[in-house]
Amino acid sequence: PSPSPGRFYRDTIFANGVALGPEIFINFRNVECEFAFQLGRDFDVRDEPYSQAEVADGIESLFPALEIGDTVFLDWYGASGYFGSCLDNGGGAAFIEGTKISEWRSIDLIHAGMDLYLNEFYIKSGRGSAAMGHPVTSLTWMINWARSHGRSVAAGEVVSTGTCTGHCFAAPGDVVSADFGALGFVQVEFQ
């Protein structure tokens, strides 16, 4: 198994604390707590894979984020059985950005945690190790996946590294928040 890449478009990226209307969604509001990176250099297509050290040197900032998944398929988990989500942009519907941190290297991302809340009720916790052992490992995998598919990744692009908490399905009227400790708090309201 490997991550399921999808793209977020500029009009689906939102600031922390946003209230999202129903017009954005088809069937689901599947919230995932993730670490994301904004890149400070280009990663051009080349023959050899990028090393994790090269990728780490190309990070401009780290930030906590919420990825909101949705799909045209009525069965979220059934769609994965036949790679349906791959045909549906990896299920990506919206992306909520927390506060960006440029001095991220001293942070122990393997053990960095977050607590997920639904309508102020604690749901679950996660750790950075859930992102392929380390969020930068996941970022490196994504950059090399793009490289192997003939796609460069440009400076300024944002790459999220996968859920650290699993899925939290929300409904209209719900507020989902994640407390990333020293990295900050990220919240979304569903109207």
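Two strands are taken to pair if DSSP finds at least two bridges between them. In the predicted model described here, strand β6, residues 113-118, meets this condition with strand β7, residues 121-127, the two running antiparallel over 6 bridges. Within this pairing, Met 114 of the first strand lies across from Gly 126 in β7. The connection is a hairpin in which 2 residues separate β6 from β7. Asn 119 lies in the turn and has a positive phi of about 55°.

Strand β6 also pairs with β10, again in the antiparallel sense, and here over 4 bridges. In this second pairing, Tyr 117 stands opposite Ser 177 in β10. Strand β10 covers residues 175-179 and includes Ser 177.

The surroundings of Ser 177 were examined further. Its relative accessible area is 7%; residues under 20% are counted as buried, and Ser 177 is therefore classed as buried. When neighbours within four places in sequence are set aside, the contacts of Ser 177 fall to Asp 115, Leu 116 and Tyr 117, together with Phe 185, Val 186 and Gln 187. Tyr 117 thus appears both among these contacts and as the residue opposite Ser 177 in the β6-β10 pairing.

At the level of the whole chain, 3 helices and 11 strands are assigned. Their order along the sequence is β-β-β-α-β-α-β-β-β-α-β-β-β-β. The radius of gyration is 16 Å, close to the 16 Å given by the globule rule for 191 residues, so the chain is as compact as a globular protein of that length. The C-alpha trace extends about 45 × 40 × 30 Å along its principal axes.

Contacts across the sequence were also considered. Among contacts in the chain with a separation of 6 or more, 76% join residues that are 24 or more positions apart. Burial was assessed over the full length, and 46% of the 191 residues count as buried, Ser 177 being one of the buried residues.

The accessible surface of the chain amounts to about 9300 Å², and carbon and sulfur atoms contribute 53% of this area. With respect to charge, the chain carries 11 positive and 24 negative side chains. The centres of these two sets of side chains are separated by 5 Å.

Terms used
Residues are numbered from 1 along each chain as its sequence is written. This is a predicted model: local features need pLDDT of at least 70, side-chain atom pairs count only at pLDDT 80 or more; totals for chains, interfaces and linings use all residues. Side-chain values use heavy atoms; hydrogens and water are left out. Buried means under 20% relative accessible area, exposed over 50%, partly exposed in between (1.4 Å probe, protein chains only). Contact means heavy atoms within 4.5 Å. The radius of gyration is taken over C-alpha atoms; the globule rule is 2.2 Å times the number of residues to the power 0.38. Accessible areas come from the Shrake-Rupley method with a 1.4 Å probe; for residues, only the protein chains shown count as cover. Lys and Arg count as positive and Asp and Glu as negative; His and the chain ends are not counted. The place of a charge is taken as NZ of Lys, CZ of Arg, CG of Asp or CD of Glu.
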